[in-house]
Amino acid sequence: MSIENRRQLQNTRVKLESLEQLFDRERQDLTGDAYIRELTLRSLKKRINQFTEEIARFETRVSSTLDA
């Protein structure tokens, strides 16, 4: 995945916020299978990290083109 423009950046930020909220809810929910919860949290964290990295890459690219 690669963010190409500001619209995609905004959409990614919205998705990231939703994932972070879901992660917090899942982390606090102690019902159900602990192993499944752990796998779910790992998966959510991986996706959160991916979105965060993509946002940082886009912002770095935009910043470097403005400084040039």
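**Exercise 1. Count the aromatic pairs in this predicted model, and then find where the charged end of K45 sits.**

Solution. The search for aromatic pairs in the predicted model comes to zero. A ring can still be met by a charge, and here the charged end of K45 lies over the ring of F23, at 5.5 Å from the ring centre. That distance satisfies the cut-off, which asks for NZ of Lys within 6 Å of the ring centre.

**Exercise 2. Establish how many salt bridges the structure holds, and work out which parts the pair E59 and R13 ties together.**

Solution. Begin with the count, which comes to five salt bridges. One of them joins the side chains of E59 and R13, with an N to O distance of 2.2 Å, and this falls inside the limit of 4 Å. Next, place the partners: E59 belongs to helix α2 and R13 to helix α1 (residues 6-28), so the contact ties together parts that are 46 residues apart in sequence. Finally, consider accessibility, where E59 is partly exposed at 36% and R13 is likewise partly exposed at 34%.

**Exercise 3. Describe the salt bridges D24 to R27 and E53 to R57, giving the helix in which each pair lies.**

Solution. For D24 and R27, the closest N and O atoms are 3.2 Å apart, and both residues lie in helix α1, three residues apart, or about one turn of the helix. For E53 and R57, the corresponding distance is 3.5 Å, and both residues lie in helix α2, four residues apart, again about one turn. Salt bridges with shared partners also join E53, E54 and R57 into one network.

Definitions and conventions:
Residues are numbered from 1 along each chain as its sequence is written. This is a predicted model: local features need pLDDT of at least 70, side-chain atom pairs count only at pLDDT 80 or more; totals for chains, interfaces and linings use all residues. Side-chain values use heavy atoms; hydrogens and water are left out. Rings of Phe, Tyr and Trp (its six-membered ring) pair if their centres lie within 6.5 Å; planes under 30 degrees apart count as stacked, over 60 as edge-to-face and the rest as tilted. A charge sits over a ring if NZ of Lys or CZ of Arg is within 6 Å of the ring centre and within 35 degrees of the ring normal. Helices (H or I, at least four residues) and strands (E, at least two) are DSSP runs, numbered from the N terminus. Buried means under 20% relative accessible area, exposed over 50%, partly exposed in between (1.4 Å probe, protein chains only).
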